[in-house]
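The following paragraphs lead through the packing of helices and strands in one structure. The reader is invited to keep the sequence and the model in view.

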Amino acid sequence: MMDGRGQSDGCIVPGKSPNKPGQPGAEGMEGRRPAKRNVQEGHRLRAQSREGLQQALARIREAVRRDKDAKLTSLYHHVYTIEHLREAYFSLKRGAAPGVDGETWQAYGEDLEGNLRDLAGRLARGGYRALPVRRKNIPKPDGRQRPLGIPALEDKIVQKVVAEILSVIWEEEFLGFSYGFRPGRSPHKALDALWVGVERKRVNWVLDADIRGFYDTIDHEWLITFVEHRVGDRRIVRLIRKWLKAGVLEDGEWRASEEGTPQGGLVSPVLANVYLHYVFDQWAHQWRRRNARGDMIIVRYADDFVVGFEHREDAERFWGELAARLGEFKLELHAGKTRLIEFGRFAAQDRERRGAGRPETFNFLGFTHICGKNSKGRFTVYRQTMRKRLQNKLKVLKQELRRRLHAPVPEQGKWLRMVLNGHYRYYGVPANGRALSTFHQQVVWLWKRALGRRSQRGRTTWERMKRLIKQWLPYPRIYHPWPSQRLVVKT
């Protein structure tokens, strides 16, 4: 097959043996062809092209579109191209927490070119080793802990390049109802799709599903099998295996990772999407075409998905077969979080006729979805900030204000303004103004209490707070239009 630079397979020079035999992290260098009239330079690094990563990705995209079933066998040279590694480095978050190596973005950049040349050399000759991820637990809205894996800086750089390559390859295959971690897509586009689907399709039942510990239970062998459907470059596959088997370092103790992919790794989101594409997306798409008797909608964002049905019989049958399908790939539905509810245009009147009360609600991507009517008396779906999310965010905010208790007031004000604007930009959807106002009021109270504890004199007057509110705390704002309006603009 032609490689990314228009070279075809030919005579192969035998590869070198591993630089440290017996070390599991190193690998032998693959054989390669000698260039014409340049035989003496056979063991030097390949000449690095000066093209940027985006140009390289564009050529991979063209190759994928030309042959949607072909395996790509010449990808690895894109990974150890210094220009690509440099782009990946500058795309990383500057203030991100360091991994087990303790290397920060700023420290690595002090000798960036030298470090990147060394990294590219190790990647090219097979001497690159993946370090364990540093485990850090962060609180979830329901009070539990979410394990977050923080890779070492060089692992982040390499993962970024590989993630971009894999994303381009599978972007041509991913289905339209998959919204998580894809270019040009976002949580709000998934929310819009769900809103429009419930509004315009004959949806009467909603399956609110949750996969138990998805990122921690991904089966490595199945994942590699799925990757190899499109990636024929063995060195890319070996890189992925290294990251999967690198293990976890928590409280100074290393633990092997026999399953799962760490949340926090840059390559994890695209690998998770690949896994669910074959396990769930393709199967659900075929089920809808072949088995559904009525309308059916599907919206998935990462491992969160909602499925709407016209008929209850379809919903119950899909639920049972979905559990069996996931079991084949060592996944399971969370029994306490997966439920079938009556929800849709006729849910309110049908439940009222049976004396069953108001329709139940469900949560998706931080919003509680509620059956309601607009000002004209027509059915609509209202979305409000999840109560647990709101309470958890205020709890974290209170703790952070205590930590910043004696910081200058302008510094506190700038930080709170950033928090409020970020909250409004995500939760600022139509008909959610009351929840936004509640959040603003609670932030004002928390700041007032914190300011009152800065000295023994105690209280801060409301006159002063009004001045601070006007200067630092922006009032709620609706940033997003109704989904139907946004779709009209896009169309």
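Helix α6 passes helix α11 in a left-handed crossing, meaning that the near helix is turned anticlockwise from the far one by less than a right angle. This is a predicted model, in which local features need pLDDT of at least 70 and side-chain atom pairs count only at pLDDT 80 or more, while totals for chains, interfaces and linings use all residues. Residues are numbered from 1 along each chain as its sequence is written, and side-chain values use heavy atoms, without hydrogens and water.

Helices (H or I, at least four residues) and strands (E, at least two) are DSSP runs numbered from the N terminus. Helix α6 covers residues 153-171 and α11 residues 268-290; they pack at about 30°, with axes 10 Å apart. Axes are lines fitted to C-alpha atoms, for helices over the stretch in contact, and angles run from 0 to 180 degrees between N-to-C directions. The two helices are therefore roughly parallel, a term for angles under 35 degrees. Contact (heavy atoms within 4.5 Å) involves A163, L166, S167 and W170 of α6, and V270, L271, V274 and Y278 of α11.

Elsewhere, an open sheet of 4 strands follows the order β6-β7-β3-β8 with antiparallel pairing; strands pair if DSSP finds at least two bridges between them. Strands β6 (296-301) and β8 (339-342) each have a single partner strand, so one side of each lacks a neighbour in the sheet. Within the sheet, 6 bridges join β3 (residues 205-210) to the antiparallel β7 (residues 304-309). L207 has V307 in β7 as its bridge partner. Helix α7 (residues 187-200) packs on the sheet and touches β6 and β7, its direction making about 165° with that of β6.

Terms used: Parallel < 35°, antiparallel > 145°, perpendicular 65-115°, else oblique.
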